[in-house]
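Open your viewer and get ready to click along. Each stop on this tour suggests something to select and then tells you what is there.

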Amino acid sequence: FALPSTDAANVFQQILANGKVRRGYLGVKLESVKPEFANVYGMNAAKGAIVMEVPSTASPAAAAGLRPGDVIVEFDGKPVDSALDLIAKVSNASPDQAVAVSYLREAGNSLERRTANLRLGERPADSRNEDVDLPAPVKLPVDRKAEAAKPFGLTLAEVTPELASFYKIEGQKGALVKEIDPESDIADVKVSAGSQALVQGDLIVKINRKPVTDVKTFTSIANALKTGDAVVLYVLNLNPRNRTAELRLVQFTVQ
């Protein structure tokens, strides 16, 4: 593999000075802005890193007021092209370095540009949780009554009280993905990391900036879209092993 000379020099100098490599840490989970997101949200270019989660309230990102849905477009005076680009920029910065982060936040029908000044932390060592004994997968409790039409090749169900209680998301509305037609275009959509964007058991909570309250709402909005229209879905990835709900972004174009 190839390593840029500037990165190699930085690693070498850190090892000489500290005996180890110390990398900057922002404390967010990210997704890249794709053309569909830029289209739906009225951005001039498909560039930036979308904040999907701020896991810790003690992180630099949380202290600066960043929150899910914010789009980071500039870091330390340099434009951000994608999630991977931002990760590289943060990693190459020094812990405790003071930086300015420019981001876009949804405000009504537009995106408002804001700037936050923060001090980076030090990226913690990877924790693999290899010794954690995870419980067996749990079958999702879904409503087996009448199925709606299959927008985008999805078979959907309503959120049941049992499911909401299981994941501790009481009051959360949306459309639950029961099945995905393997021949549908959405089955091939990937996130930036390369994994499948939408999977069985995901809960769709927003489509093109509109909240999804139930299957009927989602189906109505989806059926009004035409070939070539951009689609941005916010979904909660429900993990039955540890009973968590993690926000994920699905970006694609109607075929």
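Start by selecting Glu122, which counts as partly exposed because its relative accessible area is 33%. Keep in mind as you look around that this is a predicted model.

**Stop 1: a pair across the chain**

Leave Glu122 on screen and add Arg22. The side chains of these two residues form a salt bridge, with 3.2 Å from N to O. The pair ties together distant parts of the chain: Arg22 sits in the loop between helix 1 (5–18) and strand 1, while Glu122 belongs to strand 8 (residues 121–122), and the two are 100 residues apart. Arg22 is partly exposed, because its relative accessibility is 23%. As a general point, side chains of opposite charge can pair when their charged atoms come close.

**Stop 2: the whole chain**

Now zoom out and show the cartoon. How many helices and strands does the chain have? Its secondary structure comes to 6 helices and 14 strands. The chain has 255 residues, and 41% of them are buried. Switch to a surface view, and you are looking at about 14000 Å² of exposed area, of which carbon and sulfur atoms supply 49%. Contacts are worth a thought here too: among those in the chain with a separation of 6 or more, 60% are between residues 24 or more positions apart.

**Stop 3: more salt bridges**

The chain has 10 salt bridges in total. For another one, select Lys29 and Glu53, whose side chains meet at 3.7 Å, N to O. This pair also links distant parts of the chain, with Lys29 in strand 2 and Glu53 in strand 3, 24 residues apart. Are these two residues buried or partly exposed? Lys29 is partly exposed because its relative accessible area is 36%, and Glu53 is partly exposed as well, at 25%.

Next, select Asp229 and Lys226. Their side chains form a salt bridge of 3.8 Å, N to O. Now bring back Lys29 and Glu53 and add Glu246: salt bridges that share partners join Lys29, Glu53 and Glu246 into one network. Returning to the pair at Asp229, that residue is partly exposed, with a relative accessible area of 21%, whereas Lys226 is exposed, at 56% relative accessibility.

**Stop 4: helix 4 and its cover**

Select residues 83–92, which make up helix 4. Which residues of this helix are buried? They are Ala83, Asp85, Leu86, Val90 and Ser91. To see what covers them, color some strands: the cover includes strand 1 (24–25), strand 2 (29–32), strand 3 (49–53), strand 4 (71–75) and strand 5 (78–79).

**Stop 5: a buried tyrosine**

Move on to Tyr103, in strand 6 (residues 98–107). Why does Tyr103 count as buried? The reason is its relative accessible area of 5%, because buried means under 20%. Show its surroundings: leaving aside neighbours within four places in sequence, Tyr103 is in contact with residues including Leu66, Val71, Ile72, Val73 and Arg114. Try a distance too. The C-alpha atoms of Tyr103 and Val80 are separated by 9.9 Å, and these residues are 23 apart along the chain.

**Stop 6: out in the loops**

For contrast, select Thr57, in the loop between strand 3 and helix 3 (60–63). Thr57 is exposed because its relative accessibility is 77%. Its C-alpha atom is separated by 9.2 Å from that of Gly27, 30 residues apart along the chain.

Then look at the backbone of Lys168, in the loop between helix 5 (161–166) and strand 10. Its phi is near 60°, a positive value in a residue other than glycine. Lys168 is exposed, with a relative accessible area of 63%. Asn208 also has a positive phi, near 45°. Asn208 lies in the loop between strand 11 and strand 12 (210–211), and it is buried because its relative accessibility is 16%.

**Stop 7: a charged patch**

Finish by selecting Asp181, Glu183, Asp185 and Asp188. Together they form a patch of negative charge on the surface. Click on Asp188 to find it in the loop between strand 10 (175–180) and strand 11 (203–207). Asp188 counts as exposed because its relative accessibility is 56%.

Conventions. Residues are numbered from 1 along each chain as its sequence is written. This is a predicted model: local features need pLDDT of at least 70, side-chain atom pairs count only at pLDDT 80 or more; totals for chains, interfaces and linings use all residues. Side-chain values use heavy atoms; hydrogens and water are left out. Patches are made of residues with over 30% relative accessible area and no salt bridge: like charges are joined within 9 Å, nonpolar side chains (Val, Leu, Ile, Met, Phe, Trp, Tyr) within 5 Å. Accessible areas come from the Shrake-Rupley method with a 1.4 Å probe; for residues, only the protein chains shown count as cover. A salt bridge is a side-chain nitrogen of Lys or Arg within 4 Å of a carboxyl oxygen of Asp or Glu. Lys and Arg count as positive and Asp and Glu as negative; His and the chain ends are not counted. The place of a charge is taken as NZ of Lys, CZ of Arg, CG of Asp or CD of Glu. Helices (H or I, at least four residues) and strands (E, at least two) are DSSP runs, numbered from the N terminus. Buried means under 20% relative accessible area, exposed over 50%, partly exposed in between (1.4 Å probe, protein chains only). Contact means heavy atoms within 4.5 Å.
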